[in-house]
Amino acid sequence: MARIKQVKNLTSIAALRSHLEGLGVDIPLDDKVDPAGALAQSLTITDGSAGTMAAPNRWAVLPMEGWDGEEEGRPSDLVRRRWDRFAASGAGLVWGEATAVRPDGRANPRQLVLDETTVDDFAALRARLDPSQVTGLQLTHSGRYARPTTAGPTPKTVYEHPLLDARVGSGAAEVLTDDELDELVEHFVDRAMLTHQAGFDFVDIKACHGYLGHEFLSAIDRPGPYGGDLNGRTRFLRTVIKGIRQQAPSLRVAVRLSLFDFVPHTVGQNGVGIPETPGPYRLAFGGDGSGVGIDLTETHQIVDMLEDLGVGLVCASAGSPYYVPHIQRPAYFPPSDGYQPPEDPLVGVARLIAATGEIARQHPNITVVAAGLSYLQEWLPNVGQALVARGMADAVGLGRMILSYPQMPADVLAGRELDRRFICRTFSDCTTAPRSGLISGCYPLDDFYNQREERIQLAAFKKAAKARLR
């Protein structure tokens, strides 16, 4: 494919529009950002069972998976620093980071874990934020990507996968039984009650990015109550939400959902990502059967189901960072264990924007938060304002961008020029570092991490990974 022109080199709105036209994709884009415009408007989120909550603006911090908690799952000083930056961001909605419901569900040995011994630590973490910020906590079990100790992965899966099982080693993946899933439902409900006890405004039941809650949605070949038709594949999610409604009726419930998925990709010629298998692919939820196309029919049905259960807040994502990162978080620079983008990353941004807009417009009673926008870089506020103004999203989420430039919402709302020194360029070190066993953070742009000794270790890991690919 032709060399990709990086967004940072598109130095005007006209240049960006011309580039998008050449790509043949449509991304809504406003010429100017109004500090008092769409992004500055308050946001009322209505939960059908627990009532409303109001955020002061349309900016959101997205839930990310920290790799820097204490061994027992408590927040560390590094976690508290990150949450202090969330507090200073000016974002009206803080969607708190992925937190395991039990130790075997951790994606890394330093991921946060919520239980009776850590709930007070989470209450203290919530208290670090501004009272005006609507704040939730994402509950998760990492399933196929569980790595709770330094000994290596211990994947817990929903079904046998013909491609992904081999990536964790033949025979290593353990398919959870129905009884084990019944028990896990109870863990999610119990931890949701602890989330409420800790003072959070809502709880998110994670159903995205290839983790356990997402894998259910493609379990068409799993026998029994947790697989098969859509009713079976959504049983886990529905049962958890119903349990929360019964046990903590005043707690609002949200869901972060991968709207669609693709066939797993692998490294092809010149390091560019290619489908691991050609032709039809049945196991992509929200896919059209080809492996690289979208059909949101079942996605709409799930959002209808969520609305029936009173869920009023959905964060729209896609795919998984483990096997299709180019559709989940478009980037110019891949992590060291990834692949070069098979398309201009703006194509991936446009794809996710279009799907998010379709969900938002067809489900007006659900508050929809857009994601996957960091690759827009300087132009993220221009696009975010256009999305909200056109009804294609109700709020604009920041993930990687928050790590490098947490003050972006505050600067936009104050009418200040963006500080280009801190704009995320999607270097992917925030992914490469944790996958090499180092703490998470923005090493290139945040001096706090750039000055730590882990930076030297990260450079050595990247050099070795690059040599392996030669």
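The exercises below deal with pockets, cavities and salt bridges in one predicted model.

Local features need pLDDT of at least 70 and side-chain atom pairs count only at pLDDT 80 or more, while totals for chains, interfaces and linings use all residues. Residues are numbered from 1 along each chain as its sequence is written, and side-chain values use heavy atoms, with hydrogens and water left out.

**Exercise 1.** Describe the largest pocket and its lining.

Step 1. A pocket is an open set of points on a 1 Å grid over the protein atoms alone, with protein on both sides within 12 Å along at least five of seven lines; lining residues have an atom within 4 Å of a point. The largest pocket holds about 900 Å³ of space.

Step 2. Its lining has 31 residues, and Tyr145, Arg147, Tyr322, Asp337 and Arg435 are the closest to the centre.

Step 3. Strand S10 gives the largest share of this lining, 3 residues. Helices and strands are DSSP runs numbered from the N terminus (helices: H or I, at least four residues; strands: E, at least two).

**Exercise 2.** Find the salt bridge that joins Arg435 to Asp337 and state how exposed each partner is.

Step 1. A salt bridge is a side-chain nitrogen of Lys or Arg within 4 Å of a carboxyl oxygen of Asp or Glu. For Arg435 and Asp337 the closest N and O atoms are 3.0 Å apart.

Step 2. Arg435 is in helix H15, and Asp337 is in the loop between helix H10 (325-328) and helix H11 (345-362), 98 residues apart.

Step 3. Arg435 has a relative accessible area of 28% and Asp337 one of 48%. Both count as partly exposed, the class between buried (under 20% relative accessible area) and exposed (over 50%), with a 1.4 Å probe and protein chains only.

**Exercise 3.** Which helices does the salt bridge between Asp429 and Lys462 tie together, and is each residue buried or partly exposed?

Step 1. The N to O distance in this salt bridge is 3.0 Å.

Step 2. Asp429 lies in helix H15 and Lys462 in helix H17 (residues 454-468), so the bridge ties together parts that are 33 residues apart in sequence.

Step 3. Asp429 is buried, at 9% relative accessibility, whereas Lys462 is partly exposed at 35%.

**Exercise 4.** Locate the salt bridge of Glu378.

Step 1. The partner of Glu378 is Arg420, with the closest N and O atoms 2.8 Å apart.

Step 2. Glu378 is buried, with 13% relative accessibility; Arg420 is partly exposed, with 48%.

How values were computed. 1 Å grid on protein atoms, 1.4 Å probe; cavity = no way out; pocket = protein on both sides within 12 Å on 5 of 7 lines; lining within 4 Å. Points joined across faces, edges and corners; volume = space filled by probe spheres on them.
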